[in-house]
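Trainee: Could you take me through the reasoning behind the labels used for this model?
Mentor: Gladly; let us look at it together.

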Amino acid sequence: MSHWNNEHALSYDEKWGELAFHTEIPTLAGVADNFHIAEIGCGGGYLSMCLAQSAEGVQVLALDPTDTMIERAKNRQKKSDLRFPQLQFIKAGAEELQVNTGSLDLVIAAFSIHHWQNAELALSLIFQGLKRGGRIWLCEDVNAPSSGDLMVDVNLKTFSGVKERLQSVGFESIVKNVHVSSEGEFLIIEALKRTDK
């Protein structure tokens, strides 16, 4: 996602930075007490804050490769009572995820996987970082345009394309749902790191 510039970031955050859908994601993704969560492509941090406040003892590590997005996220955090280790923002792409092996309960990427520079590497790092029985939760806006001056892997905006990448690194029990609201039609894909891996 390093091809994003300040203009892209500001425009995205103004239009999509705070959605009612973001407030529903913790429930849809099954966030529970004491979960350790990584959010990949956190943008301006609104979803990260929703996740961190959704249950007792939740800790969120939120990554985005864009300076402007991280600055906006930290500004949102300053206006809240969310502090480290409950919520931490790091400037990094999906391919730079650094967590202890088997330390995460859940990884969330909302509207970002199609921008990842190297999905195979990122998903391998996510798989490694998840606990046995941990889950990855992805969502994409079905009707969002894929054209423009940003690099987009259109294959990663489809269930079949994402499923193939997930399977290639070892994820199982891959399921999809479609969530429809006044804000859009969202494809949700979940997968499991099997308990014996």
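Mentor: What follows is a set of questions about how each label is earned, starting from the point that this is a predicted model.

Trainee: What makes up the secondary structure of the protein chain?
Mentor: There are six helices and seven strands. Along the sequence they come in the order α-α-β-α-β-α-β-β-α-β-α-β-β.

Trainee: Why is I37 called buried?
Mentor: Buried means under 20% relative accessible area. I37 has a relative accessible area of 1%, so I37 counts as buried. I37 lies in strand β1. Setting aside neighbours within four places in sequence, I37 has contacts that include V31, L51, V58, L104 and L106.

Trainee: And what makes C50 and C139 buried?
Mentor: The same cut-off of under 20% applies. C50 has a relative accessible area of 14% and C139 is at 1%, so both are buried. Across the protein chain, buried residues make up 52% of the 197 residues.

Trainee: How many disulfides are there, and what would a pair of cysteines need to count?
Mentor: A pair needs its sulfur atoms within 2.5 Å. By this rule the count is zero.

Trainee: Which residues of helix α5 are buried, and how do you know that they share a side?
Mentor: In α5, residues 119-129, the buried ones are A119, A122, L123, I126, F127 and G129. They span an arc of only 165° around the axis, so they sit on the same side of α5. Their cover includes β1 (36-40), β4 (104-110), β5 (130-141) and α6 (159-169).

Trainee: What lines the second largest pocket?
Mentor: Its lining includes H36, I37, Q59, V60, L61, F84 and P85. The elements that give two or more residues to this lining are β1 and β2 (59-64). β2 gives the most, with three residues. The space in the second largest pocket is about 220 Å³.

Trainee: I37 turns up there too. Which residues of that lining does I37 touch?
Mentor: Among them are Q59, V60, L61 and L104, which line the second largest pocket and are in contact with I37.

Trainee: Last one: what share of the contacts joins residues at least 24 apart?
Mentor: Among contacts between residues at least 6 apart in sequence, 72% join residues at least 24 apart. As for the surface, the protein chain exposes about 9,300 Å², with carbon and sulfur atoms supplying 47% of it.

Terms used. Residues numbered from 1 in each chain as written. Predicted model: local features only at pLDDT ≥ 70, side-chain atom pairs only at ≥ 80, totals over all residues. Heavy atoms only, no water. Helix = DSSP H or I, 4+ residues; strand = E, 2+ residues; numbered from the N terminus. Buried < 20%, exposed > 50% of the residue type's maximum accessible area, 1.4 Å probe, protein only. Contact = heavy atoms within 4.5 Å. Areas by Shrake-Rupley, 256 points an atom, 1.4 Å probe, with all protein chains shown as cover. Arc of directions from axis to C-beta. 1 Å grid on protein atoms, 1.4 Å probe; cavity = no way out; pocket = protein on both sides within 12 Å on 5 of 7 lines; lining within 4 Å. Points joined across faces, edges and corners; volume = space filled by probe spheres on them.
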